[in-house]
Each structure stands twice: as C-alpha cells, then as structure tokens.
Amino acid sequence: MKLLEDIKAHLNNNGINAPIYFNWATEKQNANECVILWQYDGTPNMVARNAKIQITVKNKDMLKAQKMSDLIFDTLNPIGQYNKAIDINGQNMHIKALQEPFYNEKDQNERHCYVFNINIDYDRRN
C-alpha cells in the first residue's frame, strides 16, 4: 500500500484535492467527486518492483471528471519526462501510461467515470 500512499501524496502535493481512495469502493465514495487508485498487477524482476495501477476519477459533472483525469494523467506523465524516472514523494519511479484517460461509465451514484492505467517501476528496496 506504500506505493499507493506515495502516489496519493504526490497528487495532493500537485493540487489534486479530491478525496483519494485505495483498491476498493466504499460508501464514503458517494461524494460528488473522488479518485480511486487500484493496484491490480505487477511483473517481478531483479532490478525493481513493478505494479500496474488503474486510476478512476468520478464526478457528477462529466467535464470536471474529464479535466481531473487529464490533470492526474499529466501529473503522473509530465511533459518532457517520457522514458525518464520522476520523483514521486521522494521515490524515483518510472511511470509508463498504458493508455490515455477514457470515459468508462456512469456509476450507480450518477457520477461520470474516467479511467486510465499506468505501469510503474520503483525501487525494490522499499
């Protein structure tokens, strides 16, 4: 969970003020807006740890959901950092976007959901 906590801290430090939850949907997420970080896979290797993360942005306002997902995408994939490690909450991480944010669904709480997935390589010692 430390990886998700580091990503959350990085997003908060870069102006993402929506509530951020980890790995599951809870009733607390009934707010008009929230972000969910899901860690769902990883490929072990000898050089670094690896994880795949799905980021879901939910908002009752479709345009706000889209803008927030684009902002998070750009925060985790900064311009000029392609194929370079970036500092995420004091940790060097290599983040590769697996796709651009896309509209996924309108959930049971009438919120529009935008989703994208990233692959992260990070320090094996942590």
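**A strand and its neighbours**

In this predicted model, the hairpin formed by E6 and E7 has five residues between its strands, and Glu 110 there adopts a positive phi near 65 degrees.

Biologist: Let's stay with E7. Is strand E7 (residues 112–122) largely enclosed or largely open, and why?

Modeller: Here, a residue is called buried when its relative accessible area is under 20%. Ten of the eleven residues of E7 are buried, so the rest of the structure leaves this strand largely enclosed.

Biologist: Which strand pairs with E7 over eleven bridges?

Modeller: Let's go through the partners. Strand E6 (residues 102–106) runs antiparallel to E7 with four bridges, and Phe 102 sits opposite Val 115. E5 is also antiparallel to E7, with five bridges, and His 94 faces Asp 121. The eleven antiparallel bridges, with Arg 49 opposite Tyr 122, belong to strand E3 (residues 49–59).

Biologist: Nice! Now for the largest pocket: which element gives the largest share of its lining?

Modeller: The largest pocket has a volume of about 190 Å³, and among the 14 lining residues, Asn 77, Tyr 82, Ile 95, Lys 96 and Ala 97 are closest to its centre. Helix H2 (62–76) and strand E5 (91–97) each supply at least two lining residues. With five residues, the largest share comes from E5.

Biologist: And how many residues of that lining are nonpolar?

Modeller: We can sort the lining by residue type. Two of its residues are charged and four are polar. The nonpolar residues number eight.

Conventions
Residues numbered from 1 in each chain as written. Predicted model: local features only at pLDDT ≥ 70, side-chain atom pairs only at ≥ 80, totals over all residues. Heavy atoms only, no water. 1 Å grid on protein atoms, 1.4 Å probe; cavity = no way out; pocket = protein on both sides within 12 Å on 5 of 7 lines; lining within 4 Å. Points joined across faces, edges and corners; volume = space filled by probe spheres on them. Nonpolar A, V, L, I, M, F, W, Y, C, P; charged D, E, K, R; others polar. Buried < 20%, exposed > 50% of the residue type's maximum accessible area, 1.4 Å probe, protein only. Pairing = 2+ DSSP bridges.
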